[in-house]
Amino acid sequence: MYFGLSEEQVFFQDNVKKFLEDQASLDVIRKIASGDSDELQKEIHQGLINLGLNALLIPEEYGGLGLDLLFAAAVSEGLGSGIAPISYIGSYIMAPIAIMHGGSNEQKENYLNKISSNKIKFGVGLSEYIAARDDSGLEVSKNKVNGKALFVIDGENATHFILSTKSGGMFIVESNDPGIELIKLTSIDKTRSYYEIILQDAKIDLLEKTTSSHEAINKTVDAGRIMLAADTVGASQVMINKSVEYAKERKQFGRVIGSFQAVKHMCAEMAAELEPCYSIVWHAAHCFDSTTEEARLMACQSKSHVSEVGKMVSKKATEVHGGMGFTDLLGLHYWFKRIGMNRQLLGSPELVRDEAGKIQGF
Amino acid sequence: MDLDYGTKYEKYTKDVQSFCKKYKGVQFSDTPKVPLASNNKSGGHTVTRSEWQKILIENGYFARSVPKEYGGYGGDSDIIKSRIIATEFSNARIPGPMAGQGIDMLVPTLLELGTEEQKSMYIKPTLHGEMIWCQGYSEPNAGSDLASLQTKGELIDGNWVINGQKIWTSTAQYSQMMFCLVRTEPEASKHAGISYLLIPMDTPGIEIRPLVDMTLHAGFNEVFFTDVTIPEANIVGKRGEGWAVANATLGHERGSLANPNATMNRLNQLINRMKKETIDGKKLIEIPVYRDRLLKIQGKVIAFQSHSLRVLSSKLNPGQDVKIAKMIQKLVGTELRHELEGLGIDIMGELGTLYEDSPYLRDGGSWQFTYMYFLGLIIGGGTSQIQKNIISERGLGLPREPKVQGV
């Protein structure tokens, strides 16, 4: 019996973290966030592709590494801690899972090989399946799609998109289709990009197994939620570490502020709440991998629970830094916003909990 | 990640299951020696509590690793087997062994630090539930700052003569013995002046005054000592080593205060209640405000249970880093259970305030009782605030409280 990340998983995660420390310093993140450094972003992306991020989950027969979702969660934790300014959860986790579970053999052959060899890259937009806001929503008829999708993730330099109807049918659209229009949304999270996609008679390649069953889209959403939770765990841990460091250095009233119980207790509360989050995320990923009965419940509860803890940590960590925490100088807000974004993506906590209730027949 | 216990435990699990089947519905014929101890009222076998304890020991389901000569099973210490036993017993609703501070804290201490004579004299009757112990640690002026305790022990003519007062002493009125921290070296520094003594509760000079707590039960007592005289040999460890002896067992207590499986069982009980109870004909579990609170707590309970697997794993796989993971269990576990019990009250509204023997009472008033009881556990065994000091100082490396001069 062993509960936790394996040596290989920790080793890989450390490599991801180290790469980001070297290549994606806060100065680099700032440049990318300000929007005038596509080259830097591409270099970081390429560096992580070189580590194999695009091929993690893809089975070996399609040129991938054939690793499991727990491995991917370990990576996501690493990316969250370094607030990696790259595509991951949509392009390299959700898209392969959607195709593996929803695609025909021909579709798998076609797309998975190209993802693992980095010839194509997917953006993913399933928000309307979870909760359609405003007048968003896509209608499919024959081989065409019309309508709009909001909060498409990992759309940066995407060659293809996986989108869904409100009822859960998933299909692929190419980004060079004449009927597609991409509008970049401006969100708080400048480390990753979010798009609105408007489609007029765009041509689709329907993922065959998704018309009659929700299995593929639910698996895709579950995986995405576990990845978001893992990203939040990584980002939250960094916020705690930064708070503890700051509290050991900053002096007021002739003492380091970390010697005041008011400050110490905030740090302890953050650590105490975050520790079980590692456990629930790893456990959820493991249940996903071994397709146990409670896999869907675990995915929902890891996402909603970790989102709540992440919110608390990002608030308290900012407070421990006092006025400096509120400034742009320290850059702490990049982690705050990353956590804030993860909380809303693929279902805010209340929606995900309601879904957890339905899964249990409540 | 590997949550399988492995094939070597498959047969063991089946053995435990068939034991549970045999004793399904086992019932106690005697009243508990300590009120509020576990009670089981369904039909089936009838045994006394002490007999049940012996059956469990004979089968290796209790006191597994305690040597046979001290009344234990004499097996190897095996965390997985303990876990299988706990899980199967819980699933089959078979009562577990008696617990209590003698079993949970004194026995491990004696096994580690007691003399041969102490081991043979005390361990067996304690395990068999024939000797109940209470813990004499806290004093009116020594709570969170336990090491400042002042109850005095003097060695006079080969006997310890004890004077002073203890408080928060659970089960003192039912106990035959007390393990007690006493200041025996007044000249030594705070922590180095304490000894760990074993006191028979029928010794003249001991007065017990029950302390009724907010649940309206006398869960605690005050214990007063006036020239209480016990033999010199009733000491565990050497003079002045009592702090170290006590710390060998405080860890046992903290770990046992918040059992994640018990919390999960309680959550499931709450879910069942919410499926049954209605407001204006609508089931509580379908009312969004209650439903969301339930699911929010479920997330925490699941996380805490997953967390306990991680801590369990670290005992089997040395080298796993669980330093902070272990420190948080008392804080998180007791606060979570309190919150869960509070929801059990809130979903019932006014009905949730009913208590004792009132009409309309649900689940024997247990939601209110446990809500209050767990507030006691949040405070006892190192308050939540003390836990946060421990986590921040020993876990995160933040500075200790500065010493105040001249107080």
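Trainee: Happy to dig in! How many salt bridges does a search of the whole structure find over all chains?
Mentor: A good place to start, with the reminder that this is a predicted model. A salt bridge here needs a side-chain nitrogen of Lys or Arg within 4 Å of a carboxyl oxygen of Asp or Glu. Searching the whole structure by that rule, over all chains, gives 37.

Trainee: Let's take one of them. What is the N to O distance in the salt bridge of Lys11(B) and Asp15(B)?
Mentor: Look at helix H1 of chain B, residues 10-22, which holds both partners. Lys11(B) and Asp15(B) are four residues apart there, about one turn of the helix. Side chains of opposite charge can pair when their charged atoms come close. For Lys11(B) and Asp15(B) the N to O distance is 3.0 Å.

Trainee: Now to the two chains together. What area is buried between chain B and chain A?
Mentor: Begin with the contacts: 46 residues of chain B touch 41 residues of chain A. Carbon and sulfur atoms give 65% of the buried area. The area buried between the two chains comes to about 4000 Å².

Trainee: Which three residues in chain B lose the most area to chain A?
Mentor: Within the area of about 4000 Å² buried between chain B and chain A, look at the chain B side. The top three there make up 18% of what that side buries. They are Met1(B), Arg291(B) and Arg310(B).

Trainee: Which residue of chain B meets Lys264(A) in a salt bridge?
Mentor: The rule finds five salt bridges across the interface of chain B and chain A. In the one you ask about, N and O are 2.6 Å apart, inside the 4 Å cut-off. The partner of Lys264(A) is Glu393(B).

Trainee: And which helix gives the largest share of the side of chain B that touches chain A?
Mentor: Across this interface the rule also finds 21 residue pairs in polar contact, both residues at pLDDT 80 or more. Helices H7 (260-276), H8 (288-316), H9 (323-327), H10 (329-346) and H12 (384-395) of chain B each supply at least two residues of the side that touches chain A. The largest share, 17 residues, comes from H8(B).

Trainee: By class, how many charged residues has that side of chain B that touches chain A?
Mentor: H8(B) supplies 17 residues of that side. Sorted by class, the side of chain B that touches chain A has 23 nonpolar and 11 polar residues. The charged residues number 12.

Trainee: Next, the domains within chain B. Which three residues supply 74% of the area that domain 1 of chain B buries against domain 3 of chain B?
Mentor: The domain assignment gives chain B domain 1 (7-98), domain 2 (132-240) and domain 3 (257-395). Between domain 1 and domain 3 of chain B the C-alpha centres are 25 Å apart, and the buried area is about 590 Å². The three that supply 74% of what domain 1 buries there, more than any other three residues, are Ile79(B), Ile80(B) and Arg83(B).

Trainee: How many residue pairs are in polar contact between domain 1 of chain B and domain 3 of chain B?
Mentor: Five residues of domain 1 of chain B contact eight residues of domain 3 of chain B. Across that interface the rule finds zero salt bridges. With both residues at pLDDT 80 or more, the count of pairs in polar contact is one.

Trainee: Over to chain A. Its 362 residues would give a compact globule what radius of gyration, and what value has chain A?
Mentor: Chain A has 13 helices and 10 strands, and its C-alpha atoms fill a box of roughly 75 × 45 × 40 Å along the principal axes. For 362 residues a compact globule would come near 21 Å, so chain A agrees with that rule at 20 Å.

Trainee: Last one! Which helix gives the most to the side of domain 1 of chain A that touches domain 2 of chain A?
Mentor: Chain A is divided into domain 1 (7-116), domain 2 (122-210) and domain 3 (215-359). Domain 1 and domain 2 of chain A bury about 1700 Å² between them, with 11 residue pairs in polar contact (both at pLDDT 80 or more). Helices H2 (26-33), H3 (38-51), H5 (89-102) and H6 (105-116) of chain A each supply at least two residues of the domain 1 side. With nine residues, the one that gives the most is H5(A).

How values were computed:
Residues are numbered from 1 along each chain as its sequence is written. Chains are lettered from A and ligands numbered from 1 in the order in which they are written. This is a predicted model: local features need pLDDT of at least 70, side-chain atom pairs count only at pLDDT 80 or more; totals for chains, interfaces and linings use all residues. Side-chain values use heavy atoms; hydrogens and water are left out. Domain bounds come from an automatic or database domain assignment. Contact means heavy atoms within 4.5 Å. Buried area is the accessible area (1.4 Å probe) that two parts lose on being put together, summed over both. A polar contact is a pair of N or O atoms within 3.5 Å; within protein, one must be able to donate a hydrogen and the other to accept it, and residues adjacent in sequence count only if both atoms are side-chain atoms. Ala, Val, Leu, Ile, Met, Phe, Trp, Tyr, Cys and Pro count as nonpolar, Asp, Glu, Lys and Arg as charged, and the others, Gly among them, as polar. The radius of gyration is taken over C-alpha atoms; the globule rule is 2.2 Å times the number of residues to the power 0.38.
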